[in-house]
Amino acid sequence: MTFYYPNGKPYKEPFETGKKTIKPMNKNKIQYGNRGMSLEDDLNLTNQYYLERQMAVVHKKPTPVQIVKVDYPKRSQAKITEAYYRRASTTDYNGVFQGKYIDFEAKETHNVNLLPLKNFHDHQIKHMRQVMMQQGICFIIVKFSKKQDVYLLDAGILIRYWDLQQTGGRKSIPRETIEREGHLVPQSYLPRLDYLSIVKQVYL
């Protein structure tokens, strides 16, 4: 099935995302040793953990699609063969934590030493600026797949590099900058990625 952006261009899954189909959380089957899980898997499990314990309400944002073509290989079956995204997506997750609005994008990269800015889009940066202007808490969560470490980085730092890129600056954020100005997210059995402990420490 082919998806299309609102401008008519076909959607192609970025190499860096590492996204998978999410299955409902089963505490008895979660293995912290399974380091092959994607960042999205870990965040969804973490958010479900937070929700069940009434710590926060954070969800992955759905992206509405418009179905335009359906094939019927059998009378009892339908197969969607063409669809369009109704509008460009903003960031991956949003919600409420201790009375504060939080909004963040999750990126997974196989690059060892940097986070490419090509992983982000103009409309996402615009959205982050708007959230920050309204005093919302906005950040990105970055996973370096090779070493399996995860960092929380304030959106303001991403925007700083994004703006520099527009005037001839580098097209990536160095890992050393993320290590220095960001925060290493604790990883454990449950929650898998305790990013709210960082949010509480840095923003509240």
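**Helix H1 and the salt bridges**

Reader: Is glutamate 105 buried or exposed, and what is its relative accessible area?

Author: The model discussed here is predicted. Residues under 20% relative accessible area are called buried. Glutamate 105 is therefore buried, since its relative accessible area is 2%.

Reader: With which residue does glutamate 105 form a salt bridge?

Author: Side chains of opposite charge can pair when their charged atoms come close. For glutamate 105 and its partner, the closest N and O atoms are 3.1 Å apart. The partner counts as buried at 11% relative accessibility. The residue that forms this salt bridge with glutamate 105 is lysine 107.

Reader: Which residue pairs with lysine 143, and how many residues apart in sequence are the parts that the pair ties together?

Author: Lysine 143 forms a salt bridge with glutamate 108, the closest N and O atoms being 3.9 Å apart. Because lysine 143 lies in strand S8 and glutamate 108 in strand S6, the pair ties together parts whose separation in sequence is 35 residues. Lysine 143 is buried, with a relative accessible area of 2%. Buried as well, at 9% relative accessibility, is its partner, glutamate 108.

Reader: Which residues are joined into one network by salt bridges that share partners?

Author: By the rule applied here, the count of salt bridges comes to eleven. Those that share partners join into one network the residues Asp149, Arg175 and Glu179.

Reader: Lysine 60 forms a salt bridge with aspartate 92; how many residues apart in sequence are the parts that this pair ties together?

Author: The closest N and O atoms of lysine 60 and aspartate 92 are 3.8 Å apart. Lysine 60 lies in strand S2 and aspartate 92 in the loop between strand S4 and S5, so the pair ties together parts separated in sequence by 32 residues.

Reader: How do lysine 60 and aspartate 92 count in terms of accessibility, buried or exposed?

Author: Aspartate 92 has 9% relative accessibility and so counts as buried. Lysine 60, at 30% relative accessibility, counts as partly exposed.

Reader: What distance separates the end C-alpha atoms of helix H1?

Author: Helix H1 covers residues 39–52, which makes 14 residues. At 1.5 Å a residue, the helix should span 20 Å. The distance between its end C-alpha atoms agrees with this, being 20 Å.

Reader: Why is H1 described as largely enclosed, and which helix is included in what covers its buried residues?

Author: Eleven of the 14 residues of H1 are buried, so the rest of the structure largely encloses the helix. Among them are Leu39, Leu43, Tyr49 and Tyr50. The cover includes strands S2, S5, S6, S8 and S9, together with helix H5.

How values were computed
Residues numbered from 1 in each chain as written. Predicted model: local features only at pLDDT ≥ 70, side-chain atom pairs only at ≥ 80, totals over all residues. Heavy atoms only, no water. Helix = DSSP H or I, 4+ residues; strand = E, 2+ residues; numbered from the N terminus. Expected span 1.5 Å × (residues − 1). Buried < 20%, exposed > 50% of the residue type's maximum accessible area, 1.4 Å probe, protein only. Contact = heavy atoms within 4.5 Å. Salt bridge = Lys/Arg side-chain N within 4 Å of Asp/Glu carboxyl O.
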